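The following exercises ask the reader to work through one protein chain, step by step. Each task is followed by its solution.

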Amino acid sequence: AKLSIDDAHPGVVEAVLKYAYTCEFECDDAAAALGFAHRYEMSSLVALCAHQMLESVTAENAAKVASTLNVYREHREVAKVWPKFQEIIGQDPSLLDAALRHVKVRHD
């Protein structure tokens with residue numbers, strides 16, 4: 001049997017598969033891996049990705065972190081880190097500014 005995964009970067013798929021077999025996780029794009037882990041109901045990896053994103057939030061990636069965590073904030077593991085993310089960006093004006101400047105407003 002062949003499984004085709006066309007909507008994820010090969011590096012993310014490889015990192016997730018390695019995690020599934022070894023519980024070791026090395027990935028440069030925790031946000032993409034979080035979405036992939038969520039899709040395949042890998043709660044422990046969702047938690048790991050969310051924590052990794054918190055630990056590495058910068059002005060350059062604050063908007064991506066905010067957006068990704070917001071999309072998955074109903075997941076129990078992401079819901080646990082959401083308040084900590086709010087605290088982190090709330091204490092650093094440059095992170096808060098970076099996150100808010102990239103918010104896209106929908107005009108319905």
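Contact means heavy atoms within 4.5 Å. Helices (H or I, at least four residues) and strands (E, at least two) are DSSP runs, numbered from the N terminus. The model is predicted: local features need pLDDT of at least 70, side-chain atom pairs count only at pLDDT 80 or more, and totals for chains, interfaces and linings use all residues. Residues are numbered from 1 along each chain as its sequence is written, and side-chain values use heavy atoms, with hydrogens and water left out.

**Exercise 1. Describe the chain as a whole.**

Step 1. Establish the secondary structure: the chain has six helices and zero strands, in the order α-α-α-α-α-α from the N terminus on.

Step 2. Consider the extent: the C-alpha atoms fill a box of roughly 50 × 35 × 25 Å along the principal axes.

Step 3. Consider burial, where buried means under 20% relative accessible area, exposed over 50%, and partly exposed in between (1.4 Å probe, protein chains only). Of the 108 residues, 36% count as buried.

Step 4. Consider the contacts with a separation of 6 or more: residues 24 or more positions apart account for 47% of them.

**Exercise 2. Determine which residues of helix H1 are buried and where they lie around its axis.**

Step 1. Helix H1 comprises residues 10-22, and its 13 residues reach 18 Å from the first C-alpha to the last, close to the 18 Å expected at 1.5 Å a residue. The expected span is 1.5 Å times one less than the number of residues.

Step 2. Val12, Val13, Ala15, Val16 and Tyr19 are the buried residues of H1. They lie on the same side of H1, because they cover an arc of only 165° around the axis; the arc is that of the directions from the helix axis to the C-beta atoms.

Step 3. An α-helix has 3.6 residues a turn, so residues three or four places apart point the same way.

Step 4. The buried residues of H1 pack against helix H2 (30-39) and helix H3 (43-55). On the face turned away from the buried side are the exposed residues Pro10, Glu14 and Tyr21.

Step 5. Just after H1, Cys23 takes a positive phi of about 60°.

**Exercise 3. Characterise the surroundings of His75.**

Step 1. His75 is placed in the loop between helix H4 (62-71) and helix H5 (76-90).

Step 2. With a relative accessible area of 15%, His75 is buried.

Step 3. Leaving aside neighbours within four places in sequence, His75 is in contact with His38, Ser43 and Val46.
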